[in-house]
Amino acid sequence: MSPLFSPGYNPEAMAKHAKRKNRVPRAETVAGGDASPAPPSARKSPAPPATRPNLNDAKLILRAALIIVLGFWIYWPALNGDWLWDDRDLIVNNVLVHDPDGLWKIWAEPTRLFDYLPLKVSVEWIEWRLWGDDTLGYHLTNVGLHLLSAFLLWHFLRKFGLRHAWLGALIFTVHPIMVESVAWISELKNTLSLPFFLLAMSAWIDYDARGRWTDYGLALGLFLLALLCKTTMVMFPVVILLYAWWKRGRLGWADLRASAPFFAVSLAMGLITVWFLDRTVGGHNVVLGGLISRLACAGLSIAFYFSKCVLPLNLMTIYPKWIVDPPSPLQFLPWPMLGGVLYLLWTRRGSWGRHALLGLGFFLINLAPFLGLKAGSYMSYSWVMDHILYIPIIGLIGLAVAGVERVEAQLSATLRRAGAAIVAVALALMASACHGYAGLYVDLETLWGYNVARNPEAALPHNDLGYALAQKGRTAEAIEQIRLAAQLDPRYADARQNLGLLLLHTGRAAEAVPEFQAAVQLSPTIAETHYNLGVALETVGRSLEAIDQYHQTLALNPGYMGAYNNLAIALAGQNRFAEAVQVLRYALQLDPTNTQIKNNLAILIDSQKRQPAPARVDQTLKKQILP
């Protein structure tokens, strides 16, 4: 195939040439559609000599093996890595994932999902039945999907005539920016959605070249599957219009009509995503500012993401947040720089500029949903995250491969060998950095300790490091880290609640109360915050206030068994036995198998039969243990 940046390359001419080339094979095709060689009687040449080993096949196998070996070597340190960050919430403690009927409920009751990613959650439901709480299987799944995407990218780039398409697959495999998507179990939405995305793009290219409706239907179906894994795939229709412009130099009505169903699907899924974002972001402290501040943040984000693709140094999970409300004039500098680059490429669109606009356009289009114009929950911690680049970087990888081919065509044989050595060294350095970075994703203490050292002003790494230390019984160190998180961000509800829990567990209930009160004020719609405050208030003897908090807990979560149990105990402590019995009976109707509720109800009923009733029957009741 002709290289993408070969002299005089013209996509339209290539398409016409392809049509002319296809005429002869079609004339030689036998009934049924398979090409058939000429019969032996028609052959004029002598029998061919013994077949020699195909060097091209050997190279293909070696290149594929190199990608696989490097992929597993890079992520080997993380294969037995622990659950990280929100892995436990989304998998280990996810009722839908554990429920035997969860697979049906995932699709039938979508409001029970944190994000509308039913296909991704369905795969996690299957994984839980295969691996349980053994993280090895989940990590192997992510690595396997990552390598599958690398091979699909190889195939995808070949469709653009890139001779070194395998180099793009290799860059994708070893680039350190990919670690967050592959080594973090919950980022299955990235590794699962990309194969569907690349297959959908390949099917669309086939449809555009051949006009077969089977290719069109396949592209639309694969696009929908990608959306059900990750809804930010909504930019796919814009990408296929960019491809149409690149190929023909213009957009026609036929292009717009063909893309219309894709836009309709994107619109529907986009509206669903916005609804889920409004619901989930509401519990996070995300302050984007006005339109001017958002534009400044978007420009800085583009510059940041581009720099990390080109030079992936000093990577971390939580990056320092820029202060963009109000923004400084310098923070708008990325916009005129980007405008200048786009203008230059536009003026060269008759030749190499068109190809550069394709790669850069792919990058920008797929980055657009993450630039801060619409708040995402992660933006309460950082404006940018590495896993955002998992798909956008493909555009820049394609540009890099095309650039290598263009430079290679202009070099002598000696300089080509020197250039190949430079590329090999660069890839080796990237693979080594990627391997080292993946080694941080082994447990919470390692990951967040690394992040705290590089971004000590961020609250979340201190909070999560404190949680990791508490899990290991290092309570004093944990309290120190979480207290620091609360000081860095007084509006960080999770830190205030975690600090309260640690103080309460260490017998410092009076200190825990104000922390829980702050958490309730910051997150008034979270049932657990009210419950924890109720436990702390009851511990310090403020039972009436505790009763009120238990009532608020149940108003937010009517199925919270611990709240029913502790509410009944608090009511019994006020000699309100009839109310306490009524509460436990109602709880038992909701959960007939709850042994603790049954035992406490029996104690209360027995105390009512005894005359006079014991003075402190509430002391014989067993309280619900704190989370």
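Tryptophan 204 is a good place to start in this predicted model. Setting aside residues up to four places away in sequence, tryptophan 204 touches Tyr216, Ala219, Ile240, Tyr243, Ala258, Ser259 and Phe262. Tryptophan 204 also stands out in the largest nonpolar core, which has 186 residues: together with Tyr75, Phe197, Phe363 and Tyr441, it touches the most other members. Helix 10 gives the most to this core, with 12 residues. As general background, nonpolar side chains tend to be buried together in soluble globular proteins.

Two of the contacts of tryptophan 204, Ile240 and Tyr243, lead us to helix 12, where both are buried. How much of helix 12 is buried? The count is 11 of its 13 residues, so helix 12 is largely enclosed by the rest of the structure. The buried set is Phe236, Pro237, Val239, Ile240, Leu241, Leu242, Tyr243, Ala244, Trp245, Trp246 and Lys247; notice that a lysine is included. From its first C-alpha to its last, helix 12 reaches 19 Å, close to the 18 Å expected at 1.5 Å a residue. Just after helix 12 comes glycine 249, which takes a positive phi of about 80°.

On the other side of helix 12 in sequence, the loop between helix 11 (213-229) and helix 12 (236-248) holds threonine 232. Leaving aside neighbours within four places in sequence, threonine 232 is in contact with Pro369 and Phe370. Its C-alpha atom is separated by 9.0 Å from that of serine 266, although the two residues are 34 apart along the chain.

Now back to helix 10 (residues 188-210), this time for its charged side chains. In general, side chains of opposite charge can pair when their charged atoms come close. Aspartate 206 and arginine 210 form a salt bridge, with 3.7 Å between the closest N and O atoms. Why are these two separated by about one helical turn? They are four residues apart in helix 10, and that spacing gives the turn. Arginine 210 is partly exposed, with a relative accessible area of 48%. The pair also belongs to a network of salt bridges that links Lys159, Asp206, Arg210, Arg212 and Asp215.

A search of the whole structure finds 19 salt bridges, and two others are worth a visit. Arginine 474 pairs with glutamate 445, the closest N and O atoms being 3.0 Å apart. Arginine 474 sits in the loop between helix 20 (459-471) and helix 21 (475-488), while glutamate 445 is in helix 19 (residues 444-454), so this salt bridge ties together parts that are 29 residues apart in sequence. Both partners count as partly exposed, arginine 474 at 30% relative accessibility and glutamate 445 at 22%. The other salt bridge joins glutamate 545 and arginine 542, at 2.8 Å from N to O. Here too the side chains belong to partly exposed residues, with 37% for glutamate 545 and 32% for arginine 542.

Two further helices show how buried faces are covered. Helix 17 (residues 393-409) has 17 residues that should span 24 Å at 1.5 Å a residue, and its end C-alpha atoms are 25 Å apart, which agrees. Its buried residues are Ile393, Ile394, Gly395, Leu396, Ile397, Gly398, Val401, Ala402 and Glu405. What covers them includes helix 7 (135-158), helix 8 (165-174), helix 10, helix 14 and helix 16 (352-367). In helix 23 (residues 509-522), the 14 residues should span 20 Å, and the end C-alpha atoms are indeed 20 Å apart. Ala509, Ala512, Val513, Glu515, Phe516, Ala518, Ala519 and Val520 are buried there, and they pack against helix 22 (493-505), helix 24 (527-539) and helix 25 (543-556).

Let us finish on the surface, with helix 14. Which residues form the nonpolar patch? They are Leu291, Ile292, Leu295, Trp335 and Leu373, which together have about 470 Å² of accessible area. Helix 14 (residues 291-310) supplies the largest share of the patch, three residues. Leucine 291, which lies in helix 14, has 58% relative accessibility and so counts as exposed, a label that requires over 50%.

Definitions and conventions
Residues numbered from 1 in each chain as written. Predicted model: local features only at pLDDT ≥ 70, side-chain atom pairs only at ≥ 80, totals over all residues. Heavy atoms only, no water. Patch = residues over 30% accessible without salt bridge, like charges linked within 9 Å, V, L, I, M, F, W, Y side chains within 5 Å. Areas by Shrake-Rupley, 256 points an atom, 1.4 Å probe, with all protein chains shown as cover. Salt bridge = Lys/Arg side-chain N within 4 Å of Asp/Glu carboxyl O. Buried < 20%, exposed > 50% of the residue type's maximum accessible area, 1.4 Å probe, protein only. Core = buried A, V, L, I, M, F, W, Y, C linked by side-chain atoms within 4.5 Å. Contact = heavy atoms within 4.5 Å. Expected span 1.5 Å × (residues − 1).
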